[in-house]
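I opened the notebook today to go through one chain, beginning with the whole and moving on to its strands, helices and loops. These entries record what I looked up, in the order in which I looked.

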Amino acid sequence: MQLVEEILKGNIRALSKAISLVENRHHQSEDILSEIFPHTGKGYLIGVTGAPGSGKSSLVDRMIAYYRQEGKSVGVIAVDPSSPFSGGALLGDRIRMQEHSIDPGVFIRSMGSRGSLGGLSQAARDTARLMDAFGKDIIILETVGVGQSEVEVMNVAHTVLVVLTPNSGDTIQILKAGIMEIADLFVINKSDLDGAHKVKNEVEAYLKLKAAQGWQVPVFPVMSLTGEGVSALCEGIYLHRDYLYTKGVWEKKLGGRLRNEVVQITMEKVMSYVTSCLNDDDWKDLLSKMDRHQVSPYQVADKVAKILLGIS
């Protein structure tokens, strides 16, 4: 496919077009993704999640600067809440990263969560793959927020940063939500504020109680507005990368992640088929009976399932 060839050659317009096709679930998108898949697996994916207002975008901006100084090509996927009307992203994180907008080594794409509970739609996963095939060394996924359902990023990224801030109740929320497991590194942003040391101590105390084997999750205080602590954080990310690869951890996780993705994609296809069935004129009479309480939703679902399974 010509578009894929252009992506592999480093054509930025081809990448932008492919992302748009993927995001809109165009009929060509699956062919594009299948063709680029053998060319993926080289980029390193970093997930950045945290409560709104924790300074994720400012932190990502500083991380971009760090990696660019190292000569690495960077891609950013900023996943924002979706507009309920257009499905597009509401916040537009590129505004906060304008310094890098004219840098040819940086590609930033904002996209909506599209209703995904984890704040990371399949389109975001696919976009990361396109950036990987394009040749981005570092791909940063910034998600909507953090909470009980905001854990999808751990199934995509190599390294996950959970960003906290002092005096915002983040720590209690993190502990309540039970999502400590998603963090490979904790980041205490705005560490110049009162209470930053207390948050750091609370997180470290909890991590000691866990007594995790293998990777010991570190806590990094940073000031994203000034860049203080960002170098140490990025060096910590490299240490986690070395742990994943030298200990064979990533290879063990990869197979399970790809299998989970197959299940999710299959469910998407099934949902699409079911929706098309229920919108078909042949179903109007049955659905009308359901509206009049003459048949139950279970009976309608049973008929759909039989059609899917080829049972007469």
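What percentage of the 312 residues of the chain count as buried? I noted 46% for this, keeping in mind that the model is predicted.

**Entry 1, the whole chain.** I counted 11 helices and 7 strands in the chain. I then turned to the contacts with a separation of 6 or more, and found that residues 24 or more positions apart account for 75% of them.

**Entry 2, strand 5.** I asked myself how many residues of strand 5 are buried. The answer is 6 of the 6, so strand 5 is largely enclosed by the rest of the structure. In a regular strand the side chains alternate between the two faces of the sheet, and I therefore listed the two sides separately: T159, L161 and V163 lie on one side of strand 5, V160, V162 and L164 lie on the other, and all of them are buried, which leaves both faces covered. I next looked up the pairing with strand 1 (residues 44–50), which runs parallel to strand 5 and is joined to it by 5 bridges. Within this pairing I noted that G47 has V160 of strand 5 as its bridge partner.

**Entry 3, strand 6 and its partners.** Strand 6 spans residues 185–188, and I found both of its faces covered as well, with L185 and V187 buried on one side and F186 and I188 buried on the other. Strand 5 (residues 159–164) runs parallel to strand 6, and I recorded 4 bridges between them. Strand 7 (residues 219–221) is also parallel to strand 6, joined to it by 3 bridges. Which residues stand opposite F186 in these pairings? I found V162 opposite F186, while in strand 7 the bridge partner of F186 is V219.

**Entry 4, helix 8 and helix 9.** I looked up how helix 8 (residues 230–246) meets helix 9 (residues 249–279), and found that their axes come within 4 Å and cross at roughly 75 degrees. That angle makes helix 8 roughly perpendicular to helix 9. On the side of helix 8 the contact involves Y243, L244 and Y245, and these meet V249, W250 and E251 of helix 9. By class I wrote down 5 nonpolar residues, no polar ones and 1 charged residue for this contact.

**Entry 5, helix 3 and helix 5.** For helix 3 (residues 29–36) and helix 5 (residues 122–134), I found axes that come within 10 Å and cross at roughly 45 degrees. Helix 3 is therefore oblique to helix 5, and I noted the crossing as left-handed. Helix 3 contributes I32, L33 and I36 to the contact, and helix 5 contributes D126, R129, L130 and A133. Sorted by class, these residues of the contact are 5 nonpolar, no polar and 2 charged.

**Entry 6, two loop residues.** I ended with backbone angles and stopped at R25, which has a positive phi of about 55 degrees although it is not a glycine. R25 lies in the loop between helix 2 (12–23) and helix 3, and it counts as partly exposed because its relative accessibility is 39%. I made a matching note for K190, another residue other than glycine, whose phi is positive and near 55 degrees. K190 sits in the loop between strand 6 and helix 7 (196–210). Is K190 buried or partly exposed? At 32% relative accessibility, K190 counts as partly exposed.

Note on methods. Residues numbered from 1 in each chain as written. Predicted model: local features only at pLDDT ≥ 70, side-chain atom pairs only at ≥ 80, totals over all residues. Heavy atoms only, no water. Buried < 20%, exposed > 50% of the residue type's maximum accessible area, 1.4 Å probe, protein only. Pairing = 2+ DSSP bridges. Axes fitted to C-alpha atoms, helices over the stretch in contact; angles between N-to-C directions. Parallel < 35°, antiparallel > 145°, perpendicular 65-115°, else oblique. Contact = heavy atoms within 4.5 Å. Nonpolar A, V, L, I, M, F, W, Y, C, P; charged D, E, K, R; others polar. Left-handed = near helix turned anticlockwise from the far one by under 90°.
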